[in-house]
Structure formats: C-alpha cells, structure tokens
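Please open the model in your viewer and keep the selection panel at hand. The tour goes from one pair of helices to another, and then on to a single residue and the chain as a whole.

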Amino acid sequence: MNHEDLLDRYARLIVHSGVNVTDGQELVMTAPIDAVALVRRITEHAYRAGATLVTTLYADDAATLARFAHASDKSFDSAPAWLFDGFANAFKAGAARLAIIGEDPSLLAGQDADKVTRANRARSKAYRPALELIAGHAINWCVVAAATPAWARSVFPDKAPDTALDSLWRAIFTCSRADAADPVAAWVQHSRRLRERTDFLNAKRYKALKYKGPGTDLTLGLVDGHVWKGGASVAKNGVTCNPNIPTEEVFTMPHKDRVDGILSSTKPLSYQGTFIEGIKVRFEAGRIVESHADKGADIFATMIGTDEGAARLGEVALVPHSSPISASGIVFNNTLFDENAACHIAVGQSYSDTLANGGSMSKDALAAAGANASLIHVDWMIGSGALDIDGVLADGRTEPLMRKGEWAA
C-alpha cells in the first residue's frame, strides 16, 4: 500500500476511532505546520462524518525559535490566555479536541533554560481551564502524531532525510494499526483486549503497587475507589473516543500522598523542546524530595517545581515490555509513543475519571480523596524487561502482577 493510501486510512481512523467526531459537532485541531497533508485528510473525513466546522491552528518551529532569538525578556512570562480561553469555551459548547504532535524533540535544547521554563509556566497557567475539561473527560478528544522532518532526524539520525521521514511514517502507521486490513475494526478488537485487562485490575481492588527494578524500589498507593481505564472510553458528552492513538496502556489514579521510595527512568523524556535523561527521584509521603537527571536536570527540577502538585503523581500506567511499540526497537523521542513501550507514571494533574464518581466531585472533594491537582501533566517512562511489580491487596497480602516487564496474571 502506498503512502497516500496509508495516510488516508490513518486520517479516517483518527476521525472515526480516535476523536470520533459526531454529526453536528465542531472540531478544534492543533498541528505542526509540516502536518498539513494529514490535517487536510482529517478535515475532509471530519466533514464527511458530519462536523459543522473544523478549525485548525498551526505551530511553526521556526516561529518558536524566532521568539527566543528576538523577543524581549518580558515576553517569556506571557501566553495567549485569550486563545486558551477560546479553547475552553469551545469545549464547553461541545467541540471535540484533536492534537496532532510531531515537534522537534530538541527544538529548545540550545535556548536559555530560564526563558524556556518561564514560557512553559505561563503557557501552563493559561491552558489550565482547557486542561481541566480534557482531564475531566468532559469532551471527546484525541492525541495523534504526524511525522515531520525534524522529528524523523532525531529518531533516525543515520538515515538520509527522505528515508528517515518515510521510516517514521511507516512506524506511525504500524504502531497505530493504520496498516491493518480494517483499521477501525482492529481498534475495536484492541480496545476489547485492554478492557479485559482493566476489568481484571478493577476486580482486584489493589490498594498499592510495589515496584522493584534497577534503580527502583517504590511503593505506590492507589486512591480508594480508583478506576483502571484503557483504550476506548466514554466522555461525559456520551461520545466514545480513544484519547491516544496509539495506546497500549492501562492506567489509574495514584494517591497523591501515598508514594514512597526511589524511582528511575528507563527512557529519555522529551519535554517542551528539551531532552531530560537519566531521571532519578526519591518520594516521601507522595512528594518528590530529591531529584537528579543525567541530562536536563535544571529543566526537570523547574518542571516539578511548577506548583505544589507538580512534584506529586497524577497517573500510573502499566504497559507490557513486549508491546508492539517496544518490540519495534525504536526510541521515538516522543512521549505519545515511548510511554506505550513501557510502564510509566505522570507527575501533575490527575484524571478525575479514574476515580469512581470523580467527574461529579468538587475540587476539594477530589483532593480529599487523594487526587492531585497541577498546571502540568507530564508522563515519563520507568518500565523495562527488568521491572517487577506486585499488587498489594486490601488485607496487605502481595501477589505478582508483572515479572520482567510482562503480565504475571
């Protein structure tokens, strides 16, 4: 099958299995400027599905760099709150959200770290109203990827530019099941398998998970009434969507005050145009009290210092080491893909729908239950073929859950 056919199948999959645009619904899309070919295919399929209006905002790496080269210092404490307020208003009015990612993972690596940090903080504050609606699953939403030249160079540095770009597109199509005989049907089956795993975990009612692996010895408590989720889910507006394509994870809500021990990353984290590698942290009573990184330590320290909740966990996710993305042998330098190659955690904002009745609870009630609140939500990978995880039952007994990175039950 040629590239154009695969691109069209991918776009159709995104519209019908990913964000699942419904008849009469608006779609708000963001994308890198290099993804215009995919955006046009998605727009066509969205209108065919009944979308009333498709609005796309493009990001341009060159324009981003121009800010760091020429803008005044005070610029980096600003963000377009009016734009993000518009997003929030659109979501409140029923619009669906689609984010296409593909930015250069190291775009800002050579820029002033203080300016990067301040710009990220300003953006996080401005985006908060929209993020809360997404995190609360108020709407159908989805994050997907498009191959771009800069991203392809980072993944395949030894290949010619055109070959690298083609290789990355092929990897995206394969990991997203767009090359299946019937991609939409393949996603129905995949979601069913993930649902079987979440049903198993929800029946277990573990009160905590114990992690053991190289550089990791951690006890992670789960909130009472936690709900494991994975694959397709139903938003509060009644629309079933797949928030991430691809996805191989099952995930739930850790208790913000019940995490203790040491934890080490197993893959690099690409965060806002910078790389953070070799992360090592120590938790006490849910909070990171010591942190280290072999690369990007200053960015990581500032990230977890964004606010009170940025140094606490908002998500825990389990992924078998043999997942298709891990089996590809590719380090994507992109969290959407790399998080689905390994077990991971996320610092920052919790997803309220991973707590029973969480979607109808007040902020105070969520906090009292153990949910975390923050301006950020950043996933980083801790899984490998050397990681063991035990489930802790309500009576304190433990049982094997994962061994050497694979499901033990």
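In this predicted model, begin by selecting α1 together with helix α7, residues 161–175, which pack at an angle of about 40° with their axes 11 Å apart. That angle makes α1 oblique to α7, and if you turn the view so that one helix lies over the other, you will be looking at a left-handed crossing.

Now show the side chains at this crossing: on the α1 side the residues to display are His-3, Leu-6, Leu-7 and Tyr-10, and these meet Trp-169, Arg-170, Ile-172 and Phe-173 of α7. Sorted by class, this contact of α1 with α7 comprises six nonpolar residues, one polar and one charged.

Keep α1 (residues 3–18) on screen and add helix α8 (residues 183–204), whose axis comes within 9 Å of that of α1, the two crossing at roughly 45°. Here too the angle makes the arrangement oblique, in this case of α1 to α8, but the crossing of α1 and α8 is right-handed.

Which residues make the contact between α1 and α8? Select Arg-9, Arg-12, Leu-13, His-16 and Ser-17 on α1, and then Pro-183, Val-184 and Trp-187 on α8. The residues of this contact divide into four nonpolar, two polar and two charged.

Leave Trp-187 displayed, since the next stop refers to it again, and move to Thr-247, which is found in the loop between β8 (240–241) and β9 (250–252). Is Thr-247 buried or exposed? Its relative accessible area is 5%, and Thr-247 is therefore buried, the cut-off being under 20%. Once neighbours within four places in sequence are set aside, the residues in contact with Thr-247 are Trp-187, His-190, Leu-194, Gly-231 and Asn-340.

Finally, zoom out and colour the chain by secondary structure, which shows twelve helices and 20 strands. Along the principal axes, the C-alpha atoms fill a box of roughly 55 × 50 × 45 Å. The radius of gyration of the chain is 20 Å, which agrees with the value near 22 Å that a compact globule of 409 residues would have. If you colour by burial, buried residues make up 56% of the 409 residues. A contact map would add one further view: among contacts in the chain with a separation of 6 or more, 76% are between residues 24 or more positions apart.

Conventions
Residues numbered from 1 in each chain as written. Predicted model: local features only at pLDDT ≥ 70, side-chain atom pairs only at ≥ 80, totals over all residues. Heavy atoms only, no water. Axes fitted to C-alpha atoms, helices over the stretch in contact; angles between N-to-C directions. Helix = DSSP H or I, 4+ residues; strand = E, 2+ residues; numbered from the N terminus. Parallel < 35°, antiparallel > 145°, perpendicular 65-115°, else oblique. Left-handed = near helix turned anticlockwise from the far one by under 90°. Contact = heavy atoms within 4.5 Å. Nonpolar A, V, L, I, M, F, W, Y, C, P; charged D, E, K, R; others polar. Rg over C-alpha atoms; globule rule 2.2 N^0.38 Å. Buried < 20%, exposed > 50% of the residue type's maximum accessible area, 1.4 Å probe, protein only.
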